Amino acid sequence: SKRFLPALETAVSAGVPNVRFVTNGLLMTDDAIERIIELGVNRIMVSLDGATAATYESIRVGGKFEKLVDRLMALDRIKKARRSTTPVLKFSWVLMRSNLDEVLGLVELARRVGAGEIYLRHLVPFAELDVSHELVFDTPH
């Protein structure tokens, strides 16, 4: 949204002590990253559910894994160039049968792109979307 950065600016100028947001990460341009760092955003949570292109793109339909990795590496590169520890990059991952075997790959990806936190949560089934086959509660891992 063209209103995204102005919304962050408003939050910061209003004195909000912990400015953070959730994103798929795909639209973070270098200029936007620069501004996010300048504003002092505390944390960026990126939703992803695959540590490989095949899994990520099958779950996040329309997403491009290589573009995401490029954008996350840009965030890390720009933070390092500015000697900034913020925003902290946090991964949000929904545990499913189709991605359960990639959790260790997620840890490696986090290390590679400078993510400081990983948040894993179980899939919550909704009546409108039959995803019961993806539940991991009875998976012997």
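Is P17 buried or exposed? P17 is exposed, with a relative accessible area of 67%. Keep in mind that this is a predicted model, so read what follows as a tour of a prediction. Beyond P17, there's a pocket with a volume of about 250 Å³ to look at, a set of 12 salt bridges across the whole structure, and a nonpolar patch on the surface.

**P17 and its surroundings**

- You'll find P17 in the loop between α1 and β1.
- In sequence, P17 and N42 are 25 residues apart, while their C-alpha atoms sit 8.8 Å from each other in space.

**The largest pocket**

- The volume of the largest pocket comes to about 250 Å³.
- Its lining is made up of S1, F4, L5, F21, V22, T23, N24, L27, M28, T29, A32 and I36.
- Three elements, α1 (4-13), β1 (20-23) and α2 (30-39), each put at least two residues into that lining.
- β1 gives the largest share, with three residues.
- Sorted by class, the lining holds eight nonpolar and four polar residues, and no charged ones.

**Salt bridges around E38**

- Searching the whole structure turns up 12 salt bridges.
- One of them pairs the side chains of R35 and E38, at 3.1 Å from N to O.
- Both of these residues belong to helix α2, where they are three residues apart, or about one turn of the helix.
- R35 is partly exposed because its relative accessible area is 28%, which falls between the 20% limit for buried and the 50% limit for exposed.
- E38 is partly exposed too, at 46% relative accessibility.
- E38 also has a salt bridge with R82, and here the closest N and O atoms are 3.2 Å apart.
- That second pair links distant parts of the chain, since R82 is in the loop between α4 (65-81) and β3 (88-95) and E38 is in helix α2, 44 residues apart.
- R82 counts as partly exposed, with 38% relative accessibility.

**A strand-to-strand salt bridge, and the wider network**

- K90 and E117 form a salt bridge as well, with 3.8 Å between the closest N and O atoms.
- E117 is in strand β4 (residues 117-122) and K90 is in strand β3, so this pair ties together parts that are 27 residues apart in sequence.
- E117 is partly exposed at 25% relative accessibility.
- K90 counts as buried because its relative accessibility, 17%, is under 20%.
- Elsewhere, E9, E34, R35, E38 and R82 are joined into one network by salt bridges that share partners.

**A nonpolar patch on the surface**

- V107, I118 and L120 make up a nonpolar surface patch, and together they have about 220 Å² of accessible area.
- V107 is part of helix α5 (residues 103-113).
- At 43% relative accessibility, V107 is partly exposed.

Terms used: Residues are numbered from 1 along each chain as its sequence is written. This is a predicted model: local features need pLDDT of at least 70, side-chain atom pairs count only at pLDDT 80 or more; totals for chains, interfaces and linings use all residues. Side-chain values use heavy atoms; hydrogens and water are left out. Patches are made of residues with over 30% relative accessible area and no salt bridge: like charges are joined within 9 Å, nonpolar side chains (Val, Leu, Ile, Met, Phe, Trp, Tyr) within 5 Å. Accessible areas come from the Shrake-Rupley method with a 1.4 Å probe; for residues, only the protein chains shown count as cover. A salt bridge is a side-chain nitrogen of Lys or Arg within 4 Å of a carboxyl oxygen of Asp or Glu. Helices (H or I, at least four residues) and strands (E, at least two) are DSSP runs, numbered from the N terminus. Buried means under 20% relative accessible area, exposed over 50%, partly exposed in between (1.4 Å probe, protein chains only). On a 1 Å grid over the protein atoms alone, a cavity is a set of points where a 1.4 Å probe fits but cannot get out, and a pocket is an open set with protein on both sides within 12 Å along at least five of seven lines; lining residues have an atom within 4 Å of a point. Grid points are joined across faces, edges and corners, and a volume is the space filled by probe spheres set on the points. Ala, Val, Leu, Ile, Met, Phe, Trp, Tyr, Cys and Pro count as nonpolar, Asp, Glu, Lys and Arg as charged, and the others, Gly among them, as polar.
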